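Here are my notes for your first pass through this structure. Keep the viewer open as you go, and take the points in order.

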Amino acid sequence: FVNNNNRIVRLNFGTSLSNTPAATILGPYSMLSSAHCLDIILEGSTWVGFLTCSLGNKLVRLNFGNSLLNAPVLTDLGVPGALNQPGSFRLVYENGQWWALVANMGNNTLTRLNFGASLLNNPSGVNLGTVCPAINPGGIAMISDCGGTTGFQLNYSSTSADLIWRLTMPSGISGPVSGLSLGNIGNLSRPAHFSELFRVGDTLFLYATNRENGTLTRLRFLPCANASAPSSILYNPPAYSYDQPGTYNVRLIV
């Protein structure tokens, strides 16, 4: 699915992503204006999506029902958490609740949204203020791994030395959020957006698009350093332990 101002384009690849997709235009929707970012998640048997409208200054929910071939039902969720020209956002599921962090392009603040146990709930929101100072807000990524949730935010600039920031949440997504500049790793140049997060074995990968020169930057995140065994593919894996007490995310893929 691709945002196209006040329309959404659905690309159907059939049984393989190597196929040339069939395109279907959904809309126009009077509710949408300068739509940004689009995240779609299967919750139970319902496909639920969200997008932001920077010019319309709103958060919109898309309910596709039980199939992505359905035309979505759009709901204007307003401006929870004092949204201000919202752009990129990311959803994360933590401790039985859905959350989102939204980058506000109008005043360089972050908004945190809480949907509770279901994305079909109307979210409550709080504006966290300026977490990454002196940036032009770009893409956001969220990683739940090791001992908690970590975020990253891009600075949509071609001149700044601080083009990627780490969002630290020591008490989880519901607690305080602080920003730390990581400078310019991976030759970023006016970075706009992050890809989805990819897991290959025990390593995580993110890609960032560089709009200034049309390149991609790949970010690689190694597994926890304090686990006795980072990963295993054995039928009967070894016992795992950590050198510090705490709550850890352990992923089982069958």
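1. Start with Lys 58, which sits at 13% relative accessibility and so counts as buried, the cut-off being under 20%. Bear in mind that this is a predicted model, so treat the value as a computed one.

2. What does Lys 58 form with Asp 76? The two make a salt bridge, with their closest N and O atoms 3.5 Å apart. The count of salt bridges here comes to one, so this is the pair to look up under the rule of a Lys or Arg side-chain nitrogen within 4 Å of a carboxyl oxygen. Asp 76 is partly exposed, at a relative accessible area of 39%, whereas Lys 58 is buried.

3. Have a look at where the two partners come from. Lys 58 belongs to strand β6 (residues 58-65) and Asp 76 to strand β7 (residues 73-76). They are 18 residues apart, and the pair links distant parts of the chain.

4. Next, Thr 46, in strand β5 (residues 46-53). Is Thr 46 buried or exposed? Its relative accessibility is 19%, and since buried means under 20%, Thr 46 counts as buried. Setting aside neighbours within four places in sequence, you'll find Thr 46 in contact with Ile 41, Asn 63 and Gly 65.

5. Now for the sheets. One open sheet has four strands in the order β8-β9-β10-β11, paired antiparallel. At its edges are β8 (86-94) and β11 (124-129); each has a single partner strand, so one side of each lacks a neighbour in the sheet. From one strand to the next, the twist averages 20 degrees.

6. Zoom in on β8 and strand β9 (residues 97-104). They run antiparallel and are joined by seven bridges. Which residue in β9 is the bridge partner of Phe 89? That would be Val 102.

7. There is another open sheet of four strands, ordered β12-β13-β14-β15, again with antiparallel pairing. Its edges are β12 (137-145) and β15 (178-181), each with a single partner strand, so each has one side without a neighbour in the sheet. Here the twist from strand to strand averages 25 degrees.

8. Inside that sheet, β13 and strand β14 (residues 164-168) pair over five bridges in the antiparallel sense. You can place some residues across from one another: Gly 151 stands opposite Leu 167 in β14, and Thr 150 has Thr 168 in β14 as its bridge partner. On to β15: four bridges join β14 to this strand, and the two run antiparallel. Trp 165 has Ser 181 in β15 as its bridge partner.

9. Last, the aromatics. How many aromatic pairs does the structure hold? There are four. One of them is Phe 152 with Phe 221: the ring centres are 5.2 Å apart and the planes meet at 45 degrees, so the pair is tilted. Why tilted rather than stacked or edge-to-face? Because stacked planes are under 30 degrees apart and edge-to-face planes over 60, with the rest counted as tilted.

10. That aromatic pair links distant parts of the chain too: Phe 152 lies in strand β13 (residues 148-155) and Phe 221 in strand β19 (residues 215-221), 69 residues apart. Phe 152 has 4% relative accessibility and counts as buried.

Notes:
Residues numbered from 1 in each chain as written. Predicted model: local features only at pLDDT ≥ 70, side-chain atom pairs only at ≥ 80, totals over all residues. Heavy atoms only, no water. Phe/Tyr/Trp six-rings, centres within 6.5 Å; stacked < 30°, edge-to-face > 60°. Buried < 20%, exposed > 50% of the residue type's maximum accessible area, 1.4 Å probe, protein only. Pairing = 2+ DSSP bridges. Axes fitted to C-alpha atoms, helices over the stretch in contact; angles between N-to-C directions. Contact = heavy atoms within 4.5 Å.
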